Amino acid sequence: MPWLLLAYGAATVVGNSIVARLADRHTVMTLLGGTVLNALFLAGLALWTEIAPVALVFMIAIGLVGVTMNPAMAVRVQRAGNASPLVNTVHSSFITLGIIISSAVGSTLIDNYGLQSTLILGVAMACLAIAAILPAVTSSYIRSGKPDGSLA
């Protein structure tokens, strides 16, 4: 188990550095691409949990694009809110609130439906996030003529 946690942690470090660089120039598309990949990896882990090598690949992939979306979200929020200290504080508070709520809901799901239920909830939440990101993709495409998110 310690080696699995080490591999997941290393994946998040690598993912953070990649996402931060991509988010600097292509914020919206980084959020969209990372969230789509996260939904796919969560679904893959939910479907193939019993096959250890496959589950390991999905777990490391989730480390690359799961938590690592935070830098892209921070860039998006700061640009939309003109980098106001209050905006950054509220954004951090909502991340913490999300952790609290998801921990409570996740523990209830595990008790009632098993461990894989949290992965299914993660896929559903990622799909909601994708739906929330799509208007920004459309907006940046209309303004710039290309869906690269450079207008964030």
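# Exercises on a predicted helical model

A46 is buried, with a relative accessible area of 13%. The structure studied here is a predicted model, and the exercises below begin with this residue.

## Exercise 1. The surroundings of A46

Task: Determine in which helix A46 lies and which residues A46 touches, not counting residues up to four places away in sequence.

Solution.
1. Locate the residue: A46 belongs to helix α2, which covers residues 27-47.
2. Apply the cut-off: buried means under 20% relative accessible area. A46 has a value of 13%, so A46 counts as buried.
3. List the contacts: once residues up to four places away in sequence are set aside, A46 touches Q116 and L119.
4. Compare with Y8: this residue is 38 residues from A46 along the chain, and the two C-alpha atoms are separated by 17 Å.

## Exercise 2. S84 and L86

Task: Classify S84 and L86 as buried, partly exposed or exposed.

Solution.
1. Place both residues: S84 is in the loop between α4 (70-80) and α5, while L86 is in helix α5, residues 85-113.
2. Recall the limits: exposed means over 50% relative accessible area, buried under 20%, and partly exposed in between.
3. Classify S84: its relative accessible area is 27%, so S84 is partly exposed.
4. Classify L86: its relative accessible area is 59%, and therefore L86 is exposed.
5. Extend the view from L86: together with V90, F94, L97, I101 and V105, L86 forms a nonpolar surface patch with about 550 Å² of accessible area.
6. Extend the view from S84: L134 is 50 residues away in sequence and 25 Å away in space, C-alpha to C-alpha.

## Exercise 3. Two helix pairs

Task: Describe how α1 packs with α3 and how α4 packs with α5.

Solution.
1. Take the pair α1 (residues 2-25) and α3 (residues 52-65): the angle is about 35°, and the axes are 7 Å apart.
2. Give the handedness: α1 passes α3 in a right-handed crossing.
3. Name the residues in contact: α1 contributes L4, A7, Y8, A11, T12, V14 and G15, and α3 contributes L56, M59, I60, I62, G63 and L64.
4. Take the pair α4 and α5: these helices pack at an angle of about 145°, with their axes 10 Å apart.
5. Give the handedness of this pair: the crossing of α4 and α5 is right-handed.
6. Name the residues that meet: N70, M73, A74, V77 and Q78 in α4 face V87, N88, H91 and I95 in α5 in this contact.

Terms used
Residues are numbered from 1 along each chain as its sequence is written. This is a predicted model: local features need pLDDT of at least 70, side-chain atom pairs count only at pLDDT 80 or more; totals for chains, interfaces and linings use all residues. Side-chain values use heavy atoms; hydrogens and water are left out. Patches are made of residues with over 30% relative accessible area and no salt bridge: like charges are joined within 9 Å, nonpolar side chains (Val, Leu, Ile, Met, Phe, Trp, Tyr) within 5 Å. Accessible areas come from the Shrake-Rupley method with a 1.4 Å probe; for residues, only the protein chains shown count as cover. A salt bridge is a side-chain nitrogen of Lys or Arg within 4 Å of a carboxyl oxygen of Asp or Glu. Helices (H or I, at least four residues) and strands (E, at least two) are DSSP runs, numbered from the N terminus. Buried means under 20% relative accessible area, exposed over 50%, partly exposed in between (1.4 Å probe, protein chains only). Axes are lines fitted to C-alpha atoms, for helices over the stretch in contact, and angles run from 0 to 180 degrees between N-to-C directions. A crossing is left-handed if the near helix is turned anticlockwise from the far one by less than a right angle, and right-handed if clockwise. Contact means heavy atoms within 4.5 Å.
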